[in-house]
Amino acid sequence: MPLENVHGDPIFTKINKVKKQYEYLTEDIETDVAIVGGGVTGAILGYYFSKANIHAVILEKERIAHGSTSITTSLLQYELDSNARELEEYTTLDNVITSYKLGLKALDEIEQFIKEYGNKCKYEKKDTLLYTSKEYEVKEMKEEYEIRKNAGIDVKYISEENNPFSLDLKAGVYGVNAGAQLDPYEYTHQLLDVSCNMGLKVYENTEVMEIAYGKDEVEIITSFGYKVKAKKVIIATGYNTQRFTKRNFGMKTVTYNIATKPVKSFDGWFNKILIRDNCDPYNYFRTTDDNRIIAGGEDVDFYTNIENEKLAKEKYSILLNRIKNMFPNIKDIEVDYEYCGGFISSQDNLGYIGEDPNHKNLWFCLGYGANGILFAILGGMMLSKLYKNEIDENLKLFKVDRFDK
Ligand SMILES: Cc1cc2nc3c(=O)[nH]c(=O)nc-3n(C[C@H](O)[C@H](O)[C@H](O)COP(=O)(O)OP(=O)(O)OC[C@H]3O[C@@H](n4cnc5c(N)ncnc54)[C@H](O)[C@@H]3O)c2cc1C
């Protein structure tokens with residue numbers, strides 16, 4: 001029995017009222033593409049397929065955006081979980097740089113979406129900071145800065161001398177316009193609103209129980225026995241894939257988050273940018289439009305720890321002390337929400353997008369790694385093209401079987 005991926009009191013489903021509820025499936029239907037999972041990934045896929053005039057249906061077993069989407073910190077940035085040199089053990093430097101650039105492209109896509117349909121999800125463009133407070137990591141930061149700069153990416157090097165933050169920084173890479181943040185619950189609903197106007201169909205409380213693979217189509221059996229016939233099925237079920245494949249996609253951890261009450265000022269937090277430290281496992285920090293701080297990280301093994309509430313309390317307290325130490329001039333930091341959940345990152349820090357090697361009509365779009373939302377955007381762009389037999393050359397970076405021996 002898989003353990004649930006979301007525990008505690010997630011900020012995004014608590015501060016938002018339920019936007020809209022969708023019907024459950026009450027008849028047999030046919031479509032071009034069936035998307036399994038109504039989180040942010042499913043909604044992004046729904047948007048790109050509808051935009052490309054491909055009939056698509058989303059099947060969600062519970063409620064829209066109540067899975068990992070309700071706890072994602074939604075720091076949108078092109079950089080990966082690890083630094084470029086560390087990733088060379090699993091991929092090439094060229095691939096890392098290509099994925100940085102793809103991340104920037106995905107950021108542009110979100111910006112275009114907001115320009116076209118309005119900002120209904122607290123979207124804000126942001127600069128980013130990757131930093132270390134350890135003297136022995138200064139060389140590593142300089143190297144990461146050089147790699148990005150030589151690739152033509154807009155970065156600045158920050159040292160103790162020009163540190164505009166109150167936090168203890170020995171070295172850092174400052175990304176100009178390198179990120180964004182948003183409210184993932186509202187973004188998911190906005191995507192669905194826009195896409196339903198273009199023909200997308202969404203069914204909540206409709207669990208996919210089984211998929212039968214034919215030569216040119218799939219037949220999906222849902223919880224009340226109704227069937228969906230589709231040419232392709234795309235699994236966008238986040239960290240729950242066991243029903244559809246035996247494949248192990250990476251190591252699963254629990255990642256812990258706290259969100260504070262609104263604070264009065266952000267003294268010491270230059271430009272309220274997105275921050276990630278260079279620790280292993282790393283911690284990540286952002287602000288919200290109503291002046292809260294969200295801090296996350298402290299990852300540990302999932303299966304042995306997800307039910308351990310005492311450990312979770314310790315982790316929340318570590319995160320609280322961490323932000324208090326980083327920003328001593330912010331005097332009114334108090335916790336409002338505490339939550340944690342499952343997280344998977346792959347060896348090369350990229351998600352999985354594309355065909356299953358055994359069933360050509362079974363596709364995956366799994367935004368694993370810290371950039372899950374940007375990977376989902378790339379998945380939406382690439383898979384909606386693939387459906388029309390246009391192969392994006394960068395799809396190979398995300399291949400489901402790329403680590404198979
Ligand atoms: C704490 C945390 C912080 C993160 N921070 C970031 C970040 O800062 N930036 C970033 O880009 N990414 C981040 N990620 C990754 C990102 O959250 C994920 O990529 C993304 O939220 C997952 O969305 P999803 O739609 O793929 O999965 P989910 O939101 O889990 O959605 C999957 C849906 O599938 C449904 N489902 C499952 N099985 C079935 C079935 N059989 N039939 C029908 N429906 C089914 C589930 O009910 C669920 O609603 C973070 C993840 C976590 C956990």
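Hi everyone, let's start with the ligand: 37 residues surround the ligand in this predicted model, and the closest are Thr-41, Glu-60, Thr-69, Leu-75 and Gly-367. If you have the structure open, those five are a good place to put your cursor.

What is the make-up of that shell by class? The residues around the ligand divide into 20 polar, 13 nonpolar and four charged. As for where they come from, at least two residues each are supplied by α2 (40-51), β12 (251-260), β16 (335-345) and α9 (372-387).

Now the polar contacts, for those of you who like distances. A nitrogen atom of the ligand is 2.9 Å from a polar backbone atom of Val-208. An oxygen atom of the ligand sits 3.2 Å from a polar backbone atom of Ser-74. On the side-chain side, an N or O atom of Thr-72 is 3.3 Å from an oxygen atom of the ligand. And how much of the ligand does the protein bury? Taken alone, the ligand exposes 1,000 Å², and the protein buries 96% of that.

Then there is the domain picture. Why does the ligand lie between domain 1 and domain 2? Domain 1 (19-71 + 185-249 + 349-398) and domain 2 (124-181 + 251-345) both give residues to the shell, so the ligand lies between them.

Let me stay with Ser-74 for a moment, since its backbone came up among the contacts. Ser-74 is found in the loop between β3 (56-59) and β4 (75-77). Its phi is near 60 degrees, a positive value in a residue other than glycine. For background, most residues other than glycine have a negative phi, and most peptide bonds are trans.

That brings me to the other backbone feature I wanted to show. The peptide bond from Asp-280 to Pro-281 is cis, with omega near -5 degrees. You will find Pro-281 in the loop between β13 (274-277) and β14 (284-287).

On to pockets. The second largest pocket has a volume of about 870 Å³. Its lining has 34 residues, and nearest its centre lie Ser-82, Ser-345, Ser-346, Gln-347 and Asn-349. Two or more lining residues come from each of α3 (84-87), β12, β15 (293-301) and β16. By class, the lining has 14 nonpolar, 10 polar and 10 charged residues. Where does this pocket lie with respect to the domains? Domain 1 and domain 2 both give residues to its lining, so this pocket lies between them.

Finally, the enclosed spaces. How many cavities of 30 Å³ or more does the structure hold? There are two of them.

The largest cavity holds about 80 Å³ of space. Among the residues lining it are Ile-11, Phe-12 and Ile-15, along with Lys-122, Glu-124, Arg-286 and Asp-289. Helix α1 (residues 11-15) gives the largest share of that lining, three residues. By class, the lining has six charged, four nonpolar and two polar residues.

The second largest cavity has a volume of about 50 Å³. It is lined by Leu-102, Lys-105, Leu-378, Met-381, Met-382, Lys-385 and Asp-392. The elements giving two or more residues to that lining are α4 (93-117) and α9, and α9 provides the largest share, four residues. This lining has four nonpolar and three charged residues, and no polar ones.

So, to wrap up with one picture: the ligand lies between domain 1 and domain 2, as both give residues to its shell, and the protein buries 96% of the area the ligand exposes when taken alone. The second largest pocket lies between those two domains as well. Thanks for listening, and I'm happy to go back to any of these spots on the screen.

Notes
Residues numbered from 1 in each chain as written. Predicted model: local features only at pLDDT ≥ 70, side-chain atom pairs only at ≥ 80, totals over all residues. Heavy atoms only, no water. Near = heavy atom within 4 Å. Polar contact = N/O pair within 3.5 Å; in protein donor to acceptor, adjacent residues only side chain to side chain. Areas by Shrake-Rupley, 256 points an atom, 1.4 Å probe, with all protein chains shown as cover. Nonpolar A, V, L, I, M, F, W, Y, C, P; charged D, E, K, R; others polar. Domains from an automatic or database assignment. 1 Å grid on protein atoms, 1.4 Å probe; cavity = no way out; pocket = protein on both sides within 12 Å on 5 of 7 lines; lining within 4 Å. Points joined across faces, edges and corners; volume = space filled by probe spheres on them.
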